[in-house]
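Please look at the chain shown here and follow how its parts fit together, from the order of its elements to the surroundings of single residues.

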Amino acid sequence: DTEQMTKAYTEEINLPEWLSRVEGKRVLHIGDTESQSYPFFRALIAAVRPNIIIHTGDMVDEVKVGRIPGTRDEYLHKLAVISEILNTSGAEEIIIVPGNNDLPCEIAGYIPTAKIVSPGSIVTVDGMEVRLSHSAKGFACGTQWGFYGHGFTDDGWKREDNREGGECRFNACYGA
């Protein structure tokens, strides 16, 4: 429901008190971002102050430019907005796994400091190897940490499956 989503995206962000005491690097994982949510992500980034941002694709989720080429201009217009948010985030590192509805070359042009990686890539984040993908489909982790998004399609892993000291997978669509 659009009204409910708009309300959720405009409410004040109240982070848990313990987060302010976290030492070390802060990693923020986002994905499948719709343009109506951009103000929320701007506020979230300002509140969290992440050192590293991981975006697991579909940067303008409601524009299906990967399947509908006629939406390119709309995609680029909205990509410019999310790119500005990421470029001014203060993050030391931005890692992006383009989604099925993204244009990787355009993302690289709009966010030149970002590391653009292919789905299934293993990258080092603050000294730890993590696997990144856009979707859960075919997502064989092979690392302790995995980040992906793309809704819940083909997602057999649930938050409750994450175990301290064990394999942990994080879907950007799960929420908090």
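The report that follows goes from the whole chain to its sheets, its cores and a few chosen residues.

## The chain as a whole

The model is predicted, and its secondary structure comes to four helices and eight strands. Read from the N terminus on, these elements run α-β-α-β-α-β-α-β-β-β-β-β, and buried residues make up 43% of the 176 residues in the chain. Among the contacts between residues at least 6 apart in sequence, 54% join residues that are at least 24 apart.

## The parallel sheet

Strands of a sheet pair through backbone hydrogen bonds, either parallel or antiparallel. In one open sheet of this chain, four strands stand in the order 1-2-3-4, and their pairing is parallel. Strand 1 and strand 4 (115–116) are the edge strands, each of which pairs on one side only.

Strand 1 and strand 2 (residues 52–55) run parallel and are joined by four bridges. Within this region, Leu 28 stands opposite Ile 53 of strand 2.

## The mixed sheet

Another open sheet is formed by four strands in the order 5-6-7-8, and here the pairing is mixed. Strand 5 (121–125) and strand 8 (168–171) each have a single partner strand, so one side of each is left without a neighbour in the sheet. On average, and with direction ignored, neighbouring strands of this sheet are turned by 30° against each other.

The mixed pairing can be followed strand by strand. Strand 5 and strand 6 run antiparallel and are joined by five bridges, and the bridge partner of Ile 122 in strand 6 is Arg 131. The hairpin made by these two strands has two residues between them, and in this hairpin Asp 126 takes a positive phi near 50°. Strand 6 (residues 128–132) and strand 7 (residues 145–148), in contrast, pair in the parallel sense over three bridges, with Phe 147 of strand 7 as the bridge partner of Leu 132.

In a regular strand the side chains alternate between the two faces of the sheet. Strand 5 shows such an alternation, since Ser 121, Val 123 and Val 125 point to one face and are buried, while Ile 122 and Thr 124 point to the other and are not.

## Helix 3 and its surroundings

How does the span of helix 3 agree with what its 16 residues should give at 1.5 Å a residue? The expected span is 22 Å, and the end C-alpha atoms of helix 3 are 21 Å apart, which agrees. The buried residues of this helix are Tyr 75, Leu 76, Lys 78, Leu 79, Ile 82, Ser 83, Ile 85 and Leu 86. What covers them includes strand 1, helix 2, strand 2, strand 3 and helix 4 (104–110).

Is Lys 78, whose place is in helix 3, buried or exposed? With a relative accessibility of 19%, Lys 78 counts as buried, because the limit for a buried residue is under 20%. Leaving aside residues up to four places away in sequence, Lys 78 touches Ser 35, Tyr 38, Val 60, Glu 62 and Val 63.

## The nonpolar cores

The largest nonpolar core has 25 residues, of which Met 59, Tyr 75, Leu 79, Leu 86 and Ile 111 touch the most other members. Two or more residues of this core come from each of strand 1 (27–30), helix 2 (38–48), helix 3 (72–87) and strand 3 (93–96), and helix 3 gives the most, with six residues.

Met 59 touches Thr 33, Tyr 38, Leu 79, Ile 82, Leu 86, Ile 96, Asp 102, Ile 107 and Ile 111, when residues up to four places away in sequence are not counted. A second, separate core consists of ten residues, among them Ile 95, Val 123, Val 130 and Leu 132.

## A loop residue and two cysteines

Ile 68 is found in the loop between strand 2 and helix 3, and with a relative accessible area of 45% this residue is partly exposed. Along the chain, Ile 68 and Asn 101 are 33 residues apart, and their C-alpha atoms are separated by 8.9 Å.

A disulfide is a covalent bond between the sulfur atoms of two cysteines. The structure holds zero disulfides. As for the surroundings of the cysteines, Cys 105 counts as exposed at 71% relative accessibility, whereas Cys 173 is partly exposed, with a relative accessible area of 25%.

Conventions:
Residues are numbered from 1 along each chain as its sequence is written. This is a predicted model: local features need pLDDT of at least 70, side-chain atom pairs count only at pLDDT 80 or more; totals for chains, interfaces and linings use all residues. Side-chain values use heavy atoms; hydrogens and water are left out. Two strands pair if DSSP finds at least two bridges between them. Axes are lines fitted to C-alpha atoms, for helices over the stretch in contact, and angles run from 0 to 180 degrees between N-to-C directions. A disulfide is a pair of cysteine sulfur atoms within 2.5 Å. Buried means under 20% relative accessible area, exposed over 50%, partly exposed in between (1.4 Å probe, protein chains only). A nonpolar core is a set of buried Ala, Val, Leu, Ile, Met, Phe, Trp, Tyr and Cys residues joined through side-chain atoms within 4.5 Å. Contact means heavy atoms within 4.5 Å. The expected span of a helix is 1.5 Å times one less than its number of residues.
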